[in-house]
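Biologist: I have a structure open and would like to learn how to read it. Could you walk me through some features?

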Amino acid sequence: MRAVPALEHAASRARLTALPPLAAGALVAALDLLFPALCPVCGAPCGPGRRDPLCGACWAGIPRIEPPCCDACGLPLWRPLRVAAAPPGGDGAGDGGAPERVSSPADECPPPPVFCPRCEARRPAYDWGRAAARYEGPLREALHALKFGGRRALARPLADLLLEQCGAGLPADVTAVVPVPLARDRERARGFNQAGLIAERVARRLGLPLERRWLARVRATAPQSELAAEERRTNVRGAFRAAPDVRGRHVLLVDDVLTTGATLSECARAAAAAGAARVGVLTVARVL
Ligand SMILES: [Zn+2]
Ligand SMILES: [Zn+2]
């Protein structure tokens, strides 16, 4: 489908940030007069707070995942992380009140890892994972518009969302960013890999190399969206192979959506089998 002129200009606006701020602002204002920028998700004019090509309302309406999260898979945890410690020497009973937390040198140590019940029972194949937001509302629509509507300019705000929500907690020793590959015929039909577009910007902003060839699909798989959880695991088993370059590296896998984690786990298994030292996972959205 051919993009309408307003959308093409939305993409042009995204490139204008290479100009000095004043010049870029004046050009965006002039373009807006000629071709009002319309949000590819809701169709409204982009307006204040916009993150081109997303309008301000859709950007603000993305249901972001906030900490505390499971240290293994990034699932948001709703229960308090730590209970107050019992007073030294006491049994915690008697006065009926909540025991007061007593400060100690141990408080200065990093808190111990916390895991969701699923990871407590069985850790995922990757070492750590984070997602920026829930796969709902405007984010779901934006990812559909990117993947199935060919609105590539959306990769920019979605990668920014990922870094704004998850960038601060990233391990310092990550070596390279690797997008989850699409099947070759699917990428050819679509013309691009949405995970690749997002990973490209993530890598650039983190100052890390983007390594598209470190992970490949070695056999065709049925679309995961049509399968139940157990079928998804079977469907992708052995579907990926990692290049020997991953040996000894801390690899950061990037994908658009985490549903059951079957695909990302299989990618992590392939990287580990090829000798990766650690594998982390970042996804823009997560199904909850
Ligand atoms: Zn919108
Ligand atoms: Zn977990």
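**A helix and the strands around it**

Modeller: Happily! This is a predicted model. Start with helix α5, residues 137-147, where the buried residues are P138, L139, A142, L143, A145 and L146.

Biologist: Why do the buried residues of α5 line one face of the helix?

Modeller: Try looking down the axis. The buried residues of α5 fall within an arc of 160 degrees, so one face of the helix is lined by them.

Biologist: And what do the buried residues of α5 pack against?

Modeller: Their partners are the helices α3 (56-60), α6 (155-166) and α8 (194-206), together with the strands β1 (128-134), β5 (250-258) and β6 (278-286).

Biologist: Let's turn to those strands. How should I read a strand's surroundings?

Modeller: Count its buried residues; a residue is buried if 20 or more other C-beta atoms lie within 10 Å of its own. In β1, 6 of the 7 residues are buried, so the rest of the structure largely encloses this strand. β6 is mostly covered, with 8 of its 9 residues buried.

Biologist: How many bridges join β1 to β6?

Modeller: There are 6, and the two strands run parallel. As an example to find on screen, A131 has T283 in β6 as its bridge partner.

Biologist: Which residue of β6 is the bridge partner of L252?

Modeller: That is G280. β5 and β6 are joined by 8 bridges and run parallel. To get from β5 to β6, the chain passes through helix α10 (residues 262-273), making a right-handed β-α-β crossover.

Biologist: And where do side chains point in a strand?

Modeller: In a regular strand they alternate between the two faces of the sheet.

Definitions and conventions
Residues are numbered from 1 along each chain as its sequence is written. Chains are lettered from A and ligands numbered from 1 in the order in which they are written. This is a predicted model: local features need pLDDT of at least 70, side-chain atom pairs count only at pLDDT 80 or more; totals for chains, interfaces and linings use all residues. A residue is buried if 20 or more other C-beta atoms lie within 10 Å of its own, exposed if 12 or fewer, and partly exposed in between; C-beta atoms are placed from the backbone. Helices (H or I, at least four residues) and strands (E, at least two) are DSSP runs, numbered from the N terminus. The arc is that of the directions from the helix axis to the C-beta atoms. Two residues are in contact if their C-beta atoms, placed from the backbone, lie within 7 Å. Two strands pair if DSSP finds at least two bridges between them. A crossover is right-handed if, with the strands pointing away from the viewer, the path from the first strand over the helix to the second runs clockwise.
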